[in-house]
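Thank you for making the time this morning. I would like to take you through one model, beginning with the overall build of a chain and ending with a contact between two chains.

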Amino acid sequence: MVNQINAGDTAWILVCCSLVLLMTPALAMFYGGMVRRKNVLSTLTLSYIFMALIGVQWVAFGYSLAFGTSIHGWIGGLNFIGFHGVDAVPNPDYSKTIPQGLFAAFQMMFAVITPALITGAFVERVRFKSFLLFSLLWATLVYDPLCHWVWGQGGWLKNLGVLDFAGGTVVHIAAGFSALAFALVIGPRKGFGTSPMEPNNIPLTVLGAGLLWVGWFGFNAGSALAANGVAVNALLTTNTSAATAGLVWMVLSWLDGRPSTLGIATGMVVGLAAVTPASGFITPMASMVVGAVAAPLSYYAMRFRDRRKLDESLDVWACHGIASTWGMIAAGLFATVSVNSDGANGLFFGNPGQIGIQILAAIVTMGFAFSMTYVLAKALNASIGLRVSPMEEEVGLDISSHGERSYS
Amino acid sequence: MLKKVEAIIREDKVNDVKDALAEIGIMGLNIFEVRGHGRQGGIQLVGRAGTYQVNMLPKIQVNIVLSDRNLEAAIDAILKAAFTGEPGDGLIFVSPIDEVIRIRTRERGQDAMMYPGDIDERKKVSKG
């Protein structure tokens, strides 16, 4: 069969590509509002820089490592180096109806936001030079292989039949557990646990959360790679999970004091992260369960992290790692081929084996992302140092790393 | 004798205090946005998951310099306008001032503090 470009599919994925791009500035705002006022620009830059860094890395060799011809299921070959042959012709391995160039661009936006998610772990103290080096290494040695395992043609987890619609493993579990490892290596911020570290601008964070929700329609519904019923279903499950998790988080926050604005916005993002791997395989009603369970899991993971005095500063592990682990399991429970014939049935639809594959993929991702990040961070810490000096930290990274102030 | 009044008050009472002072003819004042806490030691805020303690709360500091003959009237006005009865109403500090010089006229001391229509003119006190 000749691969025919479909104008509707192509137009839709062009839009989704822009929506997912928007998530990185949105994440920058989401994080930027939660740090202290002396580190706002630094925190924004930690996210923004990935649009530049991965924007180059992905074209140069990242896409090829992730989606090139598989080398025994472990890594993509070098056949797409420099986007060689990645053009207007569809690649039937990934999408029969849109140009491969568009598929590669859409995937680039995922590669951009994933390492940006990790930055929440080490804001307000990371040394910019070490961060840049870490990021390039992480994208190349962690993201690209993992992406190949799960989504690349011939990837070993893909061959096992894992269900990860839009990046529960590749994006959220990988970012969450890498954040945990990095936080353990870099250590807490000066004064963590003794002086309060108040968010400088919660309205900015709330705006960021809202734009993340908008962008997530592109992230999840776009992962159908077509303008079809699966995309519509993904959009509905995405919205329903975010809505439910936002409501449940509001109640949890209320029980502990007041219904916090920051809490409600956080709950919504947790609902989005949770449903991501399952969004294209489950029904909207099932996604309500996904969101309702994700909220308390992440909420109490955050409390647990805080009690352990671990300064994983913006809770990437609790929000993304924990929520999406549940989302992977939920896909193994609620997936049904009546939603997506390219998917599989889960436990509740007579296929108990699926849940084992889901858990295996989640654990493999956790182990791979955590240990690789731990080793990379340790090596950089021992060589060029991960942290700024105590004085630079005290002054704030806006001035000491970038020579600028957010507000004059 | 000249006195300085430093009143630490609630942010939302600043207009009430300004109006109450203007009412009795005390025109000149400066306000500062300050942060701090008294014995009560701050308040609890709600974070992403659970609560946390914040001990440096925003307050307004009103500074006035006046003749000591007008001191009690000013204190009275502030006490009435800044009062809610809840913890956190604030404090008033009073201290002596050595000298005041008005830059435009080079008047010094009590004379530099007097304006047309102010509390002294109402009391029919004239410049020395």
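What radius of gyration does chain A have, and how does that value stand beside the one for a compact globule with 408 residues? Please keep in mind as we go that this is a predicted model. For 408 residues a compact globule would come out near 22 Å, and chain A, at 20 Å, agrees with that. Taken along its principal axes, the C-alpha trace of chain A spans about 65 × 50 × 35 Å.

As for what fills that outline, the secondary structure of chain A consists of 14 helices and two strands. Of the 408 residues in chain A, 58% are buried, and, among contacts in chain A with a separation of 6 or more, 77% are made by residues 24 or more positions apart.

Turning to the surface, chain A exposes about 14,700 Å², with carbon and sulfur atoms supplying 68% of that area. Chain A also carries 19 positive and 18 negative charges, and the mean positions of these two sets lie 10 Å apart.

Finally, the contact between the chains. The size of an interface is often given as the accessible area lost when the parts come together. Here the area buried between chain B and chain A is about 1,000 Å², and carbon and sulfur atoms give 59% of it. On the chain B side, the residues that lose the most area to chain A are Val46(B), Arg48(B) and Ala49(B), which together account for 65% of what that side buries. In residue terms, the contact draws ten residues from chain B and 19 residues from chain A.

Technical notes
Residues numbered from 1 in each chain as written. Chains lettered and ligands numbered in written order. Predicted model: local features only at pLDDT ≥ 70, side-chain atom pairs only at ≥ 80, totals over all residues. Heavy atoms only, no water. Helix = DSSP H or I, 4+ residues; strand = E, 2+ residues; numbered from the N terminus. Rg over C-alpha atoms; globule rule 2.2 N^0.38 Å. Buried < 20%, exposed > 50% of the residue type's maximum accessible area, 1.4 Å probe, protein only. Contact = heavy atoms within 4.5 Å. Areas by Shrake-Rupley, 256 points an atom, 1.4 Å probe, with all protein chains shown as cover. Lys, Arg positive; Asp, Glu negative; His and termini not counted. Charge placed at Lys NZ, Arg CZ, Asp CG, Glu CD. Buried area = accessible area lost by both parts, 1.4 Å probe.
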